[in-house]
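Please find below my notes on the model you sent, set out as numbered points. I have tried to keep each point to a single topic.

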Amino acid sequence: MAAAPEPGEPEERKSVKLLGFLDVENTPCARHSILYGSLGSAVAGFGHFLFTSRIRRSCDVGVGGFILVTLGCWFHCRYNYAKQRIQERIAREEIKKKILYEGTHLDPERKHNGSSSN
């Protein structure tokens, strides 16, 4: 029997790996892509079966639908994720510059008067 973790200790969780290498829990966008892909698979396969009544071909369409929807969601999500990371990095750099130059003669927001006080 496994001992229960103490209230102050972090509990150890097993990560879910798909196909032995894709860590679904820790990889951004993987969970949503797999879920949408499985939904797309069911819709494509069942829809094809309703129109044609061909079981084997409907399974093929379902697998194809899974691959297409999963890859489409994966690339869309990863593109947006990368774009967001770039925007966050730019904002972080601008905040550092603002903090560094605030109150100095290099501050772009500081109003420069024509007279110099030396």
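The points below go from the overall fold to the helices, the cysteines, the backbone angles and the surface.

1. Overall make-up. Please keep in mind throughout that this is a predicted model. The secondary structure of the chain amounts to 2 helices and 2 strands, and these elements follow one another from the N terminus in the order β-β-α-α. The chain has 118 residues, of which 12% count as buried, and its accessible surface comes to about 10500 Å², with 60% of that area belonging to carbon and sulfur atoms. Among the contacts in the chain with a separation of 6 or more, 39% are accounted for by residues 24 or more positions apart.

2. Helix H2 and its packing. Helix H2 covers residues 55-101 and has 47 residues, with a reach of 69 Å from its first C-alpha to its last, which is close to the 69 Å expected at 1.5 Å a residue. Within H2, the residues Ser 58, Gly 62, Gly 65 and Thr 70 are buried, and the partner against which the buried residues of H2 pack is helix H1. Just after H2, Gly 103 takes a positive phi of about 85°.

3. The disulfide. Which cysteines does the disulfide join? The link is between Cys 29 and Cys 77, with an S to S distance of 2.0 Å, and a search of the whole structure finds 1 disulfide. Its two ends belong to distant parts of the chain, given that Cys 29 sits in the loop between S2 and H1 whereas Cys 77 is in helix H2, 48 residues apart. The angle about the S-S bond is -70°, and the link of Cys 29 and Cys 77 is accordingly described as left-handed. As for the surroundings of the two ends, Cys 29 counts as buried at 10% relative accessibility, while Cys 77 is partly exposed with a relative accessible area of 26%.

4. Other cysteines. Cys 73 is partly exposed, its relative accessible area being 23%, and Cys 59 is also partly exposed, with a value of 47%. Cys 73 is in no disulfide, and the nearest cysteine sulfur, which is that of Cys 77, is 8.4 Å away. Because a disulfide is counted here as a pair of cysteine sulfur atoms within 2.5 Å, that distance of 8.4 Å from Cys 73 to Cys 77 does not qualify.

5. Positive phi angles. Most residues other than glycine have a negative phi, and two residues in this model deserve a look in that light. Cys 29 has a phi near 80°, a positive value in a residue other than glycine, and it is found in the loop between strand S2 (22-23) and H1. Ser 53, although not a glycine, has a positive phi of about 60°, and this residue lies in the loop between H1 and H2. Cys 29 is buried at 10% relative accessibility, whereas Ser 53 is exposed with a relative accessible area of 55%.

6. The salt bridge. How many salt bridges are counted? The count comes to 1, and the pair concerned is Glu 94 with Lys 97, whose closest N and O atoms are 4.0 Å apart. Since the cut-off for a salt bridge is 4 Å, the distance given for Glu 94 and Lys 97 should be read against that limit. The two residues are 3 residues apart in helix H2 and are therefore separated by about one helical turn. Glu 94 counts as partly exposed at 44% relative accessibility, and Lys 97 is likewise partly exposed, with a relative accessible area of 44%.

7. A nonpolar surface patch. Phe 46, Phe 49, Leu 50 and Ile 55 make a nonpolar surface patch of about 430 Å². Helix H1 (residues 30-52) supplies the largest share of this patch, namely 3 residues. Phe 46 has its place in helix H1, and at 53% relative accessibility Phe 46 counts as exposed, the threshold for that class being over 50%.

Methods: Residues are numbered from 1 along each chain as its sequence is written. This is a predicted model: local features need pLDDT of at least 70, side-chain atom pairs count only at pLDDT 80 or more; totals for chains, interfaces and linings use all residues. Side-chain values use heavy atoms; hydrogens and water are left out. A salt bridge is a side-chain nitrogen of Lys or Arg within 4 Å of a carboxyl oxygen of Asp or Glu. Helices (H or I, at least four residues) and strands (E, at least two) are DSSP runs, numbered from the N terminus. Buried means under 20% relative accessible area, exposed over 50%, partly exposed in between (1.4 Å probe, protein chains only). Patches are made of residues with over 30% relative accessible area and no salt bridge: like charges are joined within 9 Å, nonpolar side chains (Val, Leu, Ile, Met, Phe, Trp, Tyr) within 5 Å. Accessible areas come from the Shrake-Rupley method with a 1.4 Å probe; for residues, only the protein chains shown count as cover. Contact means heavy atoms within 4.5 Å. The expected span of a helix is 1.5 Å times one less than its number of residues.
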